[in-house]
Amino acid sequence: MLTLPLLLSLLGTAANAAVTIYNVTASSSTSAVFTQPTGNSAYSPLILVAPNPPGGLQKDVPIVLQTTTPAGVSIGQKGSFLGFSVELSVADAVLGYNSTVLNPPFLNYLANIKERAGHGPTVRVGGNSQDESAMFPTTFTDAFGHQRMIQKWRVDNGNPTETPNINFAIDLFYTMGNISALVDADWYFGLAFDQPYNDSNAMLVARTAEETLGHHLIAMQLGNEPDLYAGHGRRTGEYGIPEYFTEYSHFLGDLQAQNLPEEKIILGPSVCCTWSTQQVLDAGYIQQYGNWLKVIGVMHYPANNCGISGVINPQDIFPNYLTHKSAQTFVQNYITTAPSVINAGLPFVVLETNTASCGGFPGLSDSFGAALWGIDSAFALAAMNFSQVLLHVGGQSTSYNPFTPPPTKMSKDHLWTTGAIYYSTLVVAEAFGKSNASQIIDLNLPSEFQPGYAIYENGVPTRVALINFVTDASGASDFNGVISFNGGTVPDHVSVRYLEAPSVSEKFNIKWAGQNMGSAIFTSDGRLTGDVQTIVIPCDQAANNCVVPVKAPSVALVFLSDDALSHSSPEDPASSLTFATSVFTARGQHPIIDPAVLKTMNGDGGVGPRHTGSTSKGQSAQLLGAAARSAAVPALVSVFALALGVMLVAGRG
Ligand SMILES: *[C@@H]1O[C@H](CO)[C@@H](O)[C@H](O)[C@H]1NC(C)=O
Ligand SMILES: *[C@@H]1O[C@H](CO)[C@@H](O)[C@H](O)[C@H]1NC(C)=O
Ligand SMILES: *[C@@H]1O[C@H](CO)[C@@H](O)[C@H](O)[C@H]1NC(C)=O
Ligand SMILES: *[C@@H]1O[C@H](CO)[C@@H](O)[C@H](O)[C@H]1NC(C)=O
Ligand SMILES: *[C@@H]1O[C@H](CO)[C@@H](O)[C@H](O)[C@H]1NC(C)=O
């Protein structure tokens, strides 16, 4: 079905990763040393070589801020700007086993953003696997007799991403609802569009999504990458925008007949590759479907690892990500489309992105360089008036995951793995903070290796973000951001938080404001460890400047007032909500969290156990003891001895 020229034209395809969540090759490790699961790209040991320093960099870089809102700043952005896109086929592995067995680490990864953004993060559930999905009222029994929310099988449909077909249980929506109740998450959900004239199941899904999630449902994505349908053999070769519109009209007519609580709830066209969003808009998409459209979404990856145009060596393309040019190229694709979407009164979102499609590149997508790329790209897209960007999460075989649950068979003994790019979401959340009114502008600094942005809120400059893409331990490539105010005087001090690592190729020795998310694979429960470090830098008010050093490599987030700092920070860290993960049921594979119990429980467990080193059965047992001791609600433990394995503890963020 698939012709070679067509395949070659799919360069940069946003097609998702191959999903092989159950192909666990490693056995449960009982030693203190991890067994490296072979073939699972989420745990690749590959370390790339950082590019050489470019030389000729300016040491002191002037940053002149206005004291009123400058021309060209973006729309107001939210702290939840950078969120997550979870492939439907791995939704159970990421979100939870079912609606009463949630994954505490996932809740923590989301809670970290909520604490900084002041409201819940955004998660999209969908992807290639959504189009051939169907909902069922009950769960599915797997080969081991377990009840599963998601059932998948492979069909050979010529799709290079090998996406499985998916059946999901209605319990998936209850799971999402229960996650929202705990961490205020908002959702996009993907509707199947594979058989637009057989859409009664999709209608049921739409109704269930609206009724279950209520205001936590932002929009439903109708069809995923329809521009690839013909290429992937899901439609005939003639399938183009007119045929797509015919199907769309039919589907939306059926949706209208449903009389759903919210009618204006559709996200589209979510094209990636062979059609541009502009072409779809030019064909009258918004005029025809404006009554239903709530959000315009695109899928975009800067490169692909699909192997369709030959194997790419990650080392060869690593430097492409370590320059502001990458973010600029990303946004330039939308230089005319973004204004036309926004002028039509609709938000424009990147529903799915990451370093590269088809799983990303080992060594690259899981590096500190990817985190820098994620931050620069998010800021550039925000400056371009996109209102949200979602980083894609695949399965065990993808390199770009912000977080990866342990392989199923290892879940009892191992914690999660934090991908370096997860740190981007923390930095972006703090850069925009809690006001929803953060307007960002690219400062157009002189070097492509050292870009910067300013953020204004309600007419006042509040934050500056400075990125240093260079790896250079000598100090020769460090620079100073010399901040001055045009039309005013700088404050007497600024506060700075740094995202730091020794090299752009580093994977785990990364700190945001002094805190870390796991020192190796399988060491994170989604909580930050260590003390928060905020550096106070005195300014020279007579000279009207504040000098902020930016090491190579790092990101400096400069808070221009104490208010700006507090509006980006977790509330009193002593009371921030985290979900402990180190207690497991006696019988089970799964850390269990019972939302009904959590809601009525006042967490008072003190500081939860810290995980820094290796995990083994022995240590798990110790942690279990420690957590049981620190759990302040022994009565509950006994009442829910079988059902409840994980306590909600109040610990330090
Ligand atoms: C979720 O799974 C647990 C453990 O298997 C089970 O006890 C519970 O009843 C399940 N919940 C739902 C809603 O199916
Ligand atoms: C939480 O899950 C239960 C089923 O286990 C469901 O009855 C309930 O509606 C869910 N809550 C939300 C807010 O979706
Ligand atoms: C229509 O879709 C349902 C699932 O949504 C599927 O079970 C059924 O086989 C489809 N009908 C046809 C004729 O393909
Ligand atoms: C973003 O929107 C603002 C406010 O509408 C506008 O002034 C600005 O020019 C837009 N930026 C871009 C890059 O289109
Ligand atoms: C910001 O927007 C979110 C919805 O995305 C909302 O929940 C929150 O209350 C808003 N915050 C402010 C300060 O307006």
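Colleague: What makes A134, Q195, N198 and N201 the residues around ligand 3?

Modeller: This is a predicted model, by the way. The cut-off is a heavy atom within 4 Å of the ligand, and A134, Q195, N198 and N201 are the residues around ligand 3.

Colleague: How do you know that Q195 and N198 make polar contacts with ligand 3?

Modeller: A polar contact needs a pair of N or O atoms within 3.5 Å. A polar side-chain atom of Q195 is 3.1 Å from a ligand 3 oxygen, and for N198 the distance is 2.4 Å, so both pairs count. As for cover, ligand 3 exposes 360 Å² when taken alone, and the protein buries 37% of that.

Colleague: Why is the shell around ligand 3 split into one nonpolar and three polar residues?

Modeller: Ala counts as nonpolar, whereas residues outside the nonpolar and charged lists count as polar. So A134 is the nonpolar one and Q195, N198 and N201 are the polar ones. There are no charged residues in that shell.

Colleague: On to ligand 1. What makes its links to N98 and T100 polar contacts?

Modeller: Again, the limit is 3.5 Å between N or O atoms. N98 has a polar side-chain atom 2.3 Å from an oxygen of ligand 1. With T100, a nitrogen of ligand 1 is the partner, 2.8 Å from an N or O atom in the side chain. Both distances fit, so both are polar contacts. The protein covers 43% of the 360 Å² of accessible area that ligand 1 has on its own.

Colleague: Why does the shell around ligand 1 have two nonpolar residues?

Modeller: The shell is Y97, N98, S99, T100 and V101. Tyr and Val are on the nonpolar list, so Y97 and V101 are the two nonpolar residues. The other classes come to three polar and no charged residues.

Colleague: And ligand 5: what makes two of its shell residues charged?

Modeller: Ligand 5 is surrounded by K78, H119, K434 and N436. Lys counts as charged, so K78 and K434 take that label. His is not on the nonpolar or charged list, so H119 counts as polar along with N436. No nonpolar residue is in this shell.

Colleague: How do you know that K78 and N436 make polar contacts with ligand 5?

Modeller: An oxygen of ligand 5 is 2.9 Å from an N or O atom in the K78 side chain, and an oxygen of the ligand is 2.4 Å from one in the N436 side chain. With the limit at 3.5 Å, both qualify. The protein buries 47% of the 360 Å² that ligand 5 exposes when taken alone.

Colleague: Now the helices. Why is the crossing of α12 and α13 called right-handed?

Modeller: The near helix is turned clockwise from the far one in a right-handed crossing, and that is how α12 passes α13. Their axes are 9 Å apart, at an angle of about 35°. Among the residues that meet are G374 and F379 in α12, and S424 and F432 in α13. By class, the contact has 10 nonpolar, two polar and no charged residues.

Colleague: What makes the backbone at P269, P553 and N444 worth a remark?

Modeller: Most peptide bonds are trans, and most residues other than glycine have a negative phi. The G268 to P269 bond is cis, with omega near -10°, and P269 sits in strand β13. A552 to P553 is cis too, with omega near -5°, in the loop between β26 and β27. N444 has a positive phi, near 50°, and lies in the loop between β19 and β20.

Notes
Residues numbered from 1 in each chain as written. Chains lettered and ligands numbered in written order. Predicted model: local features only at pLDDT ≥ 70, side-chain atom pairs only at ≥ 80, totals over all residues. Heavy atoms only, no water. Axes fitted to C-alpha atoms, helices over the stretch in contact; angles between N-to-C directions. Helix = DSSP H or I, 4+ residues; strand = E, 2+ residues; numbered from the N terminus. Contact = heavy atoms within 4.5 Å. Polar contact = N/O pair within 3.5 Å; in protein donor to acceptor, adjacent residues only side chain to side chain. Areas by Shrake-Rupley, 256 points an atom, 1.4 Å probe, with all protein chains shown as cover.
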